[in-house]
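The following note sets out points on the pockets and the nonpolar core. Please read them beside the sequence and the model.

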Amino acid sequence: MKLSIYSVGKTNESYIKEGVDQFTKRIGHYYPIDWQLITPSKLTDPAQIKKAEAASILKAITSTDVLVLLDEKGKMLSSPGVANLIQQKANQSAQRIVFLIGGAYGVDEEIKKRANFTWSLSELVFPHMLVRLLLAEQIYRACSILATKNTITNNIATPF
């Protein structure tokens, strides 16, 4: 399975980039991972912006991708909950999980309907670049939890 993180917005500030790069490298020990920045729309009407960004997002994902939308109205998960979500999708033979951070105005209703899961990091609203760092860290933490679980499971002696 592969992990992808899509984010609408500009490139990361250097202080964010360093952390994102570090966690991305760590995640890469567990799953192939890539990032895709989606250029924000230059339109001025929020509804049109969301529609234009939705078109770019939908063009970039496939029908078999598991789309996890980050949205403040989504379901909150604990770190083990994120690990369980990733493990569940792996068990279902998902080829790719795409984590999506929407644009400044959120995402179009079409994206919300397409999402397989909507996840809220917090009831707080964070700058998008900080969300990238938080997301990368939480995915790494989930991978670490899964690796620890698998190590413990594989080291348990089975009776004859």
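1. Helices (H or I, at least four residues) and strands (E, at least two) are DSSP runs, numbered from the N terminus. The model is predicted: local features need pLDDT of at least 70, side-chain atom pairs count only at pLDDT 80 or more, and totals for chains, interfaces and linings use all residues. Residues are numbered from 1 along each chain, and side-chain values use heavy atoms, without hydrogens or water.

2. The largest pocket has a volume of about 430 Å³. Of its 23 lining residues, L70, D71, E72, V125 and H128 are the closest to its centre. β3 supplies the largest share of this lining, 5 residues.

3. The largest nonpolar core (buried Ala, Val, Leu, Ile, Met, Phe, Trp, Tyr and Cys residues joined through side-chain atoms within 4.5 Å) has 24 residues. Its contributors of two or more residues include β1 (2-8), β3 (66-76) and α3 (79-91), while α5 gives the most, with 6 residues. Apart from this core lies another, of 13 residues, among them Y6 and V107.

4. In α3, the buried residues (under 20% relative accessible area, 1.4 Å probe, protein chains only) include V82, L85 and I86. I86 is among the residues with the most contacts inside the largest core; not counting residues up to four places away in sequence, I86 touches M1, Y31, I97, F99, I139, A142 and L146 (contact: heavy atoms within 4.5 Å).

5. Just after α3, S93 takes a positive phi of about 60°.

How values were computed. Buried means under 20% relative accessible area, exposed over 50%, partly exposed in between (1.4 Å probe, protein chains only). On a 1 Å grid over the protein atoms alone, a cavity is a set of points where a 1.4 Å probe fits but cannot get out, and a pocket is an open set with protein on both sides within 12 Å along at least five of seven lines; lining residues have an atom within 4 Å of a point. Grid points are joined across faces, edges and corners, and a volume is the space filled by probe spheres set on the points.
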